[in-house]
Amino acid sequence: MSTPSPRARYRLAASAEMLYTELEFVERVRRLHERGFEVEIWDWSTKDLPALAATGAVFSSMTGYLRGDLTTPDGIAELIATAEESLRMAELIDAPRLNLHGTGLDSDGLPVRPREEVSEREWATATETLGRLAELGAREGRVFTLENLNTAVDHPGTPFARAADTLRLVRAVDAPALRLNLDLYHAQIGEGNLIALVGAALPWVGEIQVADVPGRCEPGTGEIRYDAIAAVLRELGYAGVIGLEGWARSDTDAALDAFRNAFGV
């Protein structure tokens, strides 16, 4: 007799930035909430946060800064200042996690301060900056998450982009208020070997994001075996959030169904 798979303890979220795009933003949030998903948003400065809160949705995460970077004096000052502002705004929708990147991204997802190489001194400075952000998060009872990105397709020139980079930084800071936003779409493009990556990174993960490769659409539209990854997450007892940060190949409701089915929820 086969051993039954353990029951999923994780929860599912979905990006209001990329789904139900034919609707006004508040309606996107409302529809995701009605479908039983937590909701992720990006730049809060373009949103009516009280209106979003009034939908009754549970918000999983939002962007945790507006400008800045981890290594330059001016960039660090901007990052800290806008992170403090983001923490205040997070209270309006009770977003527990605030997302960060290696540097600010423009409207096309390109780094505002592109770098191909990062020095050891810059690694140390980035660690110090993230430590300051972790202290801010702990003070407010929220968690900053550092997201890995890919530089081959979506975000060329972004420093500290690989999952190995973000894991190195988060482990170096070693603070509960700084975790990984482990994006498996980006990791598949940049590094692959996702099941081993999940196993190594899970103690440091604050949230997991998914989409299939190529195309960045829902699970089942590309090459990633998300059913296998789901089985590993259940075996390891992951009890956090998995967010669909991808486009619907055709219909959003069908994409959400495929996402839910892939993760057995």
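Guide: Welcome! A residue counts as buried when its relative accessible area is under 20%, as exposed when that area is over 50%, and as partly exposed in between. Please keep in mind that this is a predicted model.

Visitor: Then why is Thr-125 called buried?

Guide: The relative accessibility of Thr-125 is 13%. The cut-off for buried is under 20%, so Thr-125 counts as buried. You will find Thr-125 in helix 4, which runs over residues 120–140.

Visitor: Which residues is Thr-125 in contact with, leaving aside its neighbours within four places in sequence?

Guide: They are Leu-70, Thr-71 and Ile-76. What makes each of these a contact is that heavy atoms come within 4.5 Å. Ile-76 also appears among the buried residues of helix 3.

Visitor: Let's turn to helix 3, then. What makes Glu-85 partly exposed?

Guide: Glu-85, which is in helix 3, has 29% relative accessibility. Buried would need a value under 20%, and exposed a value over 50%, so Glu-85 counts as partly exposed. Leaving aside neighbours within four places in sequence, Glu-85 is in contact with Trp-44 and Leu-66. As for Ala-248, 163 residues apart from Glu-85 along the chain, the two C-alpha atoms are separated by 32 Å.

Visitor: How do you know that the span of helix 3 is close to the expected one?

Guide: Helix 3 covers residues 73–93, which is 21 residues. The expected span is 1.5 Å times one less than the number of residues, and for helix 3 that gives 30 Å. From first C-alpha to last, helix 3 reaches 31 Å, close to that expectation.

Visitor: What do the buried residues of helix 3 pack against?

Guide: Their partners are helix 2 (49–53), strand 3 (59–63), strand 4 (97–100), helix 4 and strand 5 (143–147). The buried residues include Gly-75, Leu-79, Thr-82, Ser-86 and Ile-93. Just after helix 3, Asp-94 takes a positive phi of about 50°.

Visitor: Now to the helix pairs. Why are helix 4 and helix 5 called oblique to each other?

Guide: Their axes come within 9 Å and cross at roughly 60°. Roughly parallel needs an angle under 35 degrees, and roughly perpendicular runs from 65 to 115. The angle between helix 4 and helix 5 falls in neither range, so the pair is oblique. The crossing is right-handed.

Visitor: Which residues make the contact between helix 4 and helix 5?

Guide: From helix 4 come Glu-120, Trp-123, Ala-126, Thr-127, Leu-130, Gly-131 and Ala-134, and from helix 5 come Asp-165, Arg-168, Leu-169, Ala-172 and Val-173. They divide into seven nonpolar, two polar and three charged.

Visitor: What covers the buried residues of helix 5?

Guide: The cover includes helix 4, strand 5, strand 6 (178–183) and helix 7. Among the buried residues are Ala-163, Thr-166, Leu-167 and Val-170. Asp-174, just after helix 5, has a positive phi of about 50°.

Visitor: What makes helix 7 roughly parallel to helix 8?

Guide: The axes of helix 7 (residues 194–201) and helix 8 (residues 226–236) cross at roughly 25°, and come within 10 Å. Angles under 35 degrees count as roughly parallel, so helix 7 is roughly parallel to helix 8. Helix 7 brings Leu-194, Ile-195, Val-198 and Gly-199 to the contact, while helix 8 brings Ala-228, Ile-229, Val-232, Leu-233 and Leu-236. These residues divide into eight nonpolar, one polar and no charged. This crossing, of helix 7 and helix 8, is right-handed.

Visitor: And the loops? Why is Phe-160 called buried?

Guide: The relative accessible area of Phe-160 is 5%. With the cut-off at under 20%, Phe-160 is therefore buried. Phe-160 lies in the loop between strand 5 and helix 5, and its phi is near 55°, a positive value in a residue other than glycine.

Visitor: How do you know that Arg-216 counts as buried?

Guide: Once more, the value is 12% relative accessibility and the cut-off is under 20%, so Arg-216 counts as buried. Arg-216 sits in the loop between strand 7 and helix 8. It has a positive phi of about 55° although it is not a glycine.

Visitor: Where is Pro-214?

Guide: Pro-214 lies in the loop between strand 7 (205–210) and helix 8. The peptide bond from Val-213 to Pro-214 is cis, with omega near -5°.

Methods. Residues numbered from 1 in each chain as written. Predicted model: local features only at pLDDT ≥ 70, side-chain atom pairs only at ≥ 80, totals over all residues. Heavy atoms only, no water. Axes fitted to C-alpha atoms, helices over the stretch in contact; angles between N-to-C directions. Helix = DSSP H or I, 4+ residues; strand = E, 2+ residues; numbered from the N terminus. Parallel < 35°, antiparallel > 145°, perpendicular 65-115°, else oblique. Left-handed = near helix turned anticlockwise from the far one by under 90°. Nonpolar A, V, L, I, M, F, W, Y, C, P; charged D, E, K, R; others polar. Buried < 20%, exposed > 50% of the residue type's maximum accessible area, 1.4 Å probe, protein only.
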